[in-house]
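Biologist: Good to see you! Could you take me through this model and tell me what stands behind each term you use?

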Amino acid sequence: MKKLGSYKLYAPRKDEDIWNYETIEDSETLVDLDYQNTIVAPKKIIFPQREIFLEFSTSNDNSLEIREVLPDDKPVVIIGLRPCDGRALALMDKVFSGEFKDTYYWKRRDQATLVGLACNTPPSANCFCLTVDGSPHSKEGLDILLTDLGDKFYAESLTEKGDKLLGEAKGLFQDPKPEDKKEVKKIQAESDEKISRQIKNIKNISAKLKEMFDSPFWDEESMFCIRCGICTYLCPTCHCFDINDEVASSSPLKGKRVRTWDTCQFPDFTMHSSGHNPRPDKASRLRQRMFHKFQYFVELYQNFQCTGCGRCISYCPVGIDIIKVLDKVKDYGA
Amino acid sequence: MVKIESLREEAKNLLKEGKVKYIIGYESGPNGLLPKPIFIKKPEEVEKLIWDPTCVFNLTRFLADEKRRKAKEKQPDQRPVGVIAKGCDSRAIVILLQEKFINRNDVYILGVSCEKEGVLDERKLARKLKNRKPKKVEFGEKDNFIVTTEEGKIEIPAKELLADRCLECKANFPVIYDVLIGEKTQRDGEKPFKALEKIESLSQEEKWNFWKEELSKCIRCYACRSVCPMCYCDECVVDTINFAVTADTSAEEKAQKIKWIDKSPVSSENFVYHLVRAIHLAGRCVDCGECERACPLEIPLRLLNKKMEKEAKELFGYEVGMDPTQPSLVSSFKDEDPEDFIR
């Protein structure tokens with residue numbers, strides 16, 4: 001920990017019963033990696049729930065001053081990411097690149113070294129990473145992957161950033177022995193067998209969904225949805241946001257332009273300024289979530305946008321289960 | 001002991017005779033311990049209904065959805081909706097009736113008595129079992145719950161697993177119902193409002209710090225609001241849905257539409273949201289515990305909303321959710337009401 005003095009360290013911390021990513025301030029605190037998964041995904045470190053874009057104010061002569069507010073320059077280490085959460089960031093990278101590279105996202109992303117922790121056993125009863133082309137030891141999106149060998153960790157560097165971090169912590173590591181590498185392979189193979197919830201072969205789900213856009217299927221599935229934001233806010237890949245001006249005073253004018261998380265499940269998400277709402281009911285909003293994860297994203301980026309972490313299933317207050325919905329979509333009309 | 005067969009039989013008859021549109025009940029959860037809500041339309045489907053300590057949800061929340069659905073239909077089916085209600089759930093229905101949000105003949109209440117027990121707190125069970133995963137929980141004899149895990153069945157005293165509100169429960173059985181399954185047995189509950197004692201003993205500053213820390217976890221998912229049967233406002237203080245826009249509404253008016261609470265999950269906004277919601281629940285919160293259960297960050301929201309219930313009792317002698325003919329607290333007054341705060 002002392003060696004990482006120049007970095008800001010984020011690790012999972014337990015507060016009563018719940019795990020969440022927090023900064024570790026002092027070098028005496030031990031990082032506890034004996035955990036399942038955090039409630040809020042580590043996306044909140046790279047893509048915070050509140051991001052200030054700029055500040056504006058008028059001065060005495062009524063001239064408007066606008067100041068850009070960029071994230072701090074401090075390099076960050078996030079330790080303990082589960083492979084599904086790491087993979088999720090790799091997927092979010094696609095969204096925030098392309099024609100327009102999001103300055104704020106990439107500043108944080110580039111400054112962060114992600115040290116993942118492979119899942120020897122599934123962190124949740126609702127894990128289904130294998131179904132969506134992930135795995136409990138996936139390396140996507142990560143810079144280093146740790147595997148817990150019981151009395152020690154096996155660290156594998158995957159990128160230049162990973163090399164750099166391991167280089168800085170040189171004294172803390174030894175070279176692995178051949179039996180260590182064997183053990184890692186064994187654990188990885190076993191962990192694949194332990195994922196209990198799976199749907200075999202959902203390759204055609206995207207095409208199937210396309211046919212079901214107007215189906216009454218969505219009315220039935222969304223019957224119990226209570227329109228909260230839990231599924232989207234806890235999801236490691238959901239990234240929709242709202243931008244608002246938060247005005248502290250109007251005369252003289254002083255305020256901030258702020259980006260906050262938003263969710264397609266709130267009724268006013270697609271409210272137009274004309275008053276029209278193209279997604280006025282729960283059915284259209286649940287459909288939107290399923291389509292975004294399993295159809296639109298596939299068309300745009302050839303990947304499912306879901307990484308199978310299972311949080312939306314575990315925390316939905318009314319038990320709406322994305323795996324069950326996928327299953328029903330697969331068999332619909334058969 | 002409540003017999004599930006009696007419940008299913010009642011439900012079946014109602015559906016056969018066409019007395020209700022559908023019945024809202026509990027069915028076995030698809031994965032994990034807690035059940036799922038179910039709408040049953042056909043008599044044969046009643047076999048899916050279950051009743052056990054995991055039936056924690058307050059199903060009356062779905063009555064608001066039903067009302068909205070009806071409002072959109074040109075010739076709505078006027079039959080009532082059947083709902084399975086525990087004691088706490090029935091008190092929520094009482095509030096909805098007091099406020100004339102629904103009419104008495106809009107709902108057919110299949111009351112279920114918790115008898116001597118109550119419902120499970122899933123988090124307490126997880127702590128008790130540590131890493132063992134529970135598959136099923138049933139009512140046992142002698143005030144125990146029978147918990148089935150992969151390793152077999154164990155008996156745990158109900159007191160250790162009951163939801164906090166059940167420990168203080170004063171209406172172990174529904175206070176209003178069309179049919180009652182089970183008996184009206186009383187349980188020796190704890191002192192009312194015992195849960196608030198610890199926090200009430202804190203100093204002003206300690207209370208502030210307590211809530212500041214708890215609310216810093218809040219991600220404003222609004223699950224607490226969405227799951228509450230009493231939060232049925234079409235436009236909530238946090239939403240901007242029904243801004244009446246006409247052809248004459250200027251761009252400036254649209255841009256300057258008042259936003260009561262900023263979307264940012266910062267301390268000030270989180271406080272305002274939760275405190276405003278608590279105040280809006282004064283004399284209306286029946287302590288069904290759903291807000292706290294739904295919160296993914298385990299913020300102890302019951303404490304805030306239950307305080308409102310206590311104030312109603314202590315300041316105004318008002319028992320929340322007991323008598324549907326009673327007017328709501330905030331829309332009525334008595335000559336004896338305290339006046340010492342009027343200067």
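Biologist: What makes a residue part of the contact between chain A and chain B, and how many residues does each chain give?

Modeller: The contact takes 37 residues from chain A and 32 residues from chain B. Two residues are in contact if their C-beta atoms, placed from the backbone, lie within 7 Å. On chain B, β2 (36–40), α4 (122–129) and α9 (223–227) each supply at least two residues of the side that touches chain A. These names come from DSSP runs, numbered from the N terminus: helices are H or I with at least four residues, strands E with at least two. Please keep in mind that this is a predicted model, where local features need pLDDT of at least 70 and side-chain atom pairs count only at pLDDT 80 or more, while totals for chains, interfaces and linings use all residues. Residues are numbered from 1 along each chain as its sequence is written, and chains are lettered from A and ligands numbered from 1 in the order in which they are written.

Biologist: Which domains does chain B have, and how do you know their bounds?

Modeller: Chain B has domain 1 (1–190) and domain 2 (196–328); such bounds come from an automatic or database domain assignment. Taken over C-alpha atoms, the centres of domain 1 and domain 2 of chain B are 25 Å apart. In chain B, 21 residues of domain 1 are in contact with 19 residues of domain 2. On the side of domain 1 of chain B that touches domain 2, α3(B) gives the most, with 9 residues.

Biologist: What makes a set of residues a nonpolar core, and which members of the largest one touch the most others?

Modeller: A nonpolar core is a set of buried Ala, Val, Leu, Ile, Met, Phe, Trp, Tyr and Cys residues joined through C-beta atoms within 7 Å. The largest has 154 residues, of which A:I78, A:L234 and B:V83 touch the most other members. Its largest share, 7 residues, comes from α3(B). Leaving out residues up to four places away in sequence, A:L234 touches A:I39, A:V40, A:A41, A:R311, A:C312, A:Y315 and B:P296.

Biologist: Why is strand β5 of chain A called largely enclosed?

Modeller: A residue is buried if 20 or more other C-beta atoms lie within 10 Å of its own, exposed if 12 or fewer, and partly exposed in between. In β5(A) (residues 76–81), 6 of the 6 residues are buried, so the strand is largely enclosed by the rest of the structure.

Biologist: What makes β5(A) and β6(A) a pair?

Modeller: Two strands pair if DSSP finds at least two bridges between them. β5(A) and β6(A) (residues 112–117) have 5 bridges and pair in the parallel sense. A:I78 has A:L114 as its bridge partner in β6(A).
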